[in-house]
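Work through the exercises below with the coordinates open, and try each task before reading its solution.

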Amino acid sequence: MAEQKNILSETKDGILYLTISRESKLNALNFSTLEELKNIFNEVNDNKSIRGVIITGAGEKAFVAGADINEISELNELNARKFAEFGQEVFDNIESCHKPVIAVVNGYALGGGCELAIACHMRIATSNAKFGQPEVNLGIIPGYGGTQRLTNLIGRTKATEILMTGDMLDVNDAKSLGLLNHVEASKEDAMAKAEEILRKIMSKAPLSIGMIVDCVNAVFASDENGYQIEANSFARCVKSEDYREGTKAFLEKRKPNFKGE
């Protein structure tokens, strides 16, 4: 994997650990950080040594406290559209990744940081985490898919309130709204929980996990027939060696040895 300036990466036991590392800027997402995320996730699907991804932020104060305001303040109508579309493309790549992606949210996840977290398949937060889309305070709106994903996750009524007021959610509110999978006392505990979940998923058939991503995402795609995608994905699974191994192992009362083939 290519070297990055703003994201620390390490692969251990099949898990790719990504740390947004701009701690002095509360890990704010600038354009170069988005480019690094894009390049990383362009590689992840084809890298068989990577079975799952954890994304977190450097330090204890922030996961990602928003986009880089210095860059936003220089936008005009033309490049603003391109700016938003590029961010949407990056986060779409994360959401559609065939490897499970878990955000470990430590501290603030605001603006682009909240959008990054909700583009991941799951979210585990520390007790001091706070979520929000405060873009209206700057005279703009979320541009990286936040209006769409937040509404899909927590419903139209509450999402509209959060987007219009710019209010922050603490972990209790975020958990009750269905934004979070788990809340842990510390970042260390949250990382351990993410690793526990990924290890369990990594014991399953990799092709099946990728198909689950496609089918779940199809629920929210207006131009997709989710039931048809499910049926097609089911058929593709049955063509695989993992299907034959899984059913054989079940009948032989042993653990399957899945290879993602």
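## Exercise 1: a helix and its two sides

Compare the expected span of helix α10 (residues 226–238) with the distance between its end C-alpha atoms, bearing in mind that the model is predicted.

Solution. The helix has 13 residues, and at 1.5 Å a residue these should span 18 Å. The expected span is taken as 1.5 Å times one less than the number of residues. The end C-alpha atoms of α10 are 18 Å apart, which agrees with that expectation.

Next, determine which residues of α10 are buried and which are exposed on the other side.

Solution. With under 20% relative accessible area as the cut-off for buried, Ile229, Ser233 and Cys237 in α10 are buried. These three cover an arc of only 75° around the axis, which puts them on the same side of α10. This fits the general rule that an α-helix has 3.6 residues a turn, so residues three or four places apart point the same way. On the other side of α10, Tyr227 and Phe234 are exposed. The buried residues pack against α9 (206–218) and α11 (241–251). Finally, at the start of α10, a side-chain oxygen of asparagine 225 comes to within 3.1 Å of the backbone nitrogen of tyrosine 227.

## Exercise 2: the sheet

Establish the strand order of the open sheet of six strands, and then identify its edge strands.

Solution. The order is β1-β2-β3-β5-β7-β10, and the pairing is mixed. The edge strands are β1 (7–12) and β10 (182–184), each of which pairs on one side only. From one strand to the next, the twist averages 20°.

To see both senses of pairing, take each end of the sheet in turn. β1 and β2 pair in the antiparallel sense over six bridges, and isoleucine 7 has isoleucine 20 in β2 as its bridge partner. The hairpin of these two strands has two residues between them, and there aspartate 13 takes a positive phi near 55°. By contrast, β7 (residues 122–126) and β10 run parallel and are joined by three bridges, with histidine 182 in β10 as the bridge partner of isoleucine 124.

## Exercise 3: a helix across the strands

Find the strands that helix α1 (residues 31–44) lies across, and give its angle to β2.

Solution. Helix α1 lies across β1, β2 (15–20), β3 (52–57) and β5 (101–105). Its direction runs at about 175° to that of β2, on a scale where angles go from 0 to 180 degrees between N-to-C directions.

## Exercise 4: one alanine

Classify alanine 192 of helix α8 (residues 187–202) as buried, partly exposed or exposed.

Solution. The relative accessible area of alanine 192 is 37%. Because buried means under 20% and exposed over 50%, alanine 192 is partly exposed.

Definitions and conventions: Residues are numbered from 1 along each chain as its sequence is written. This is a predicted model: local features need pLDDT of at least 70, side-chain atom pairs count only at pLDDT 80 or more; totals for chains, interfaces and linings use all residues. Side-chain values use heavy atoms; hydrogens and water are left out. Two strands pair if DSSP finds at least two bridges between them. Helices (H or I, at least four residues) and strands (E, at least two) are DSSP runs, numbered from the N terminus. Contact means heavy atoms within 4.5 Å. Buried means under 20% relative accessible area, exposed over 50%, partly exposed in between (1.4 Å probe, protein chains only). The arc is that of the directions from the helix axis to the C-beta atoms. A polar contact is a pair of N or O atoms within 3.5 Å; within protein, one must be able to donate a hydrogen and the other to accept it, and residues adjacent in sequence count only if both atoms are side-chain atoms.
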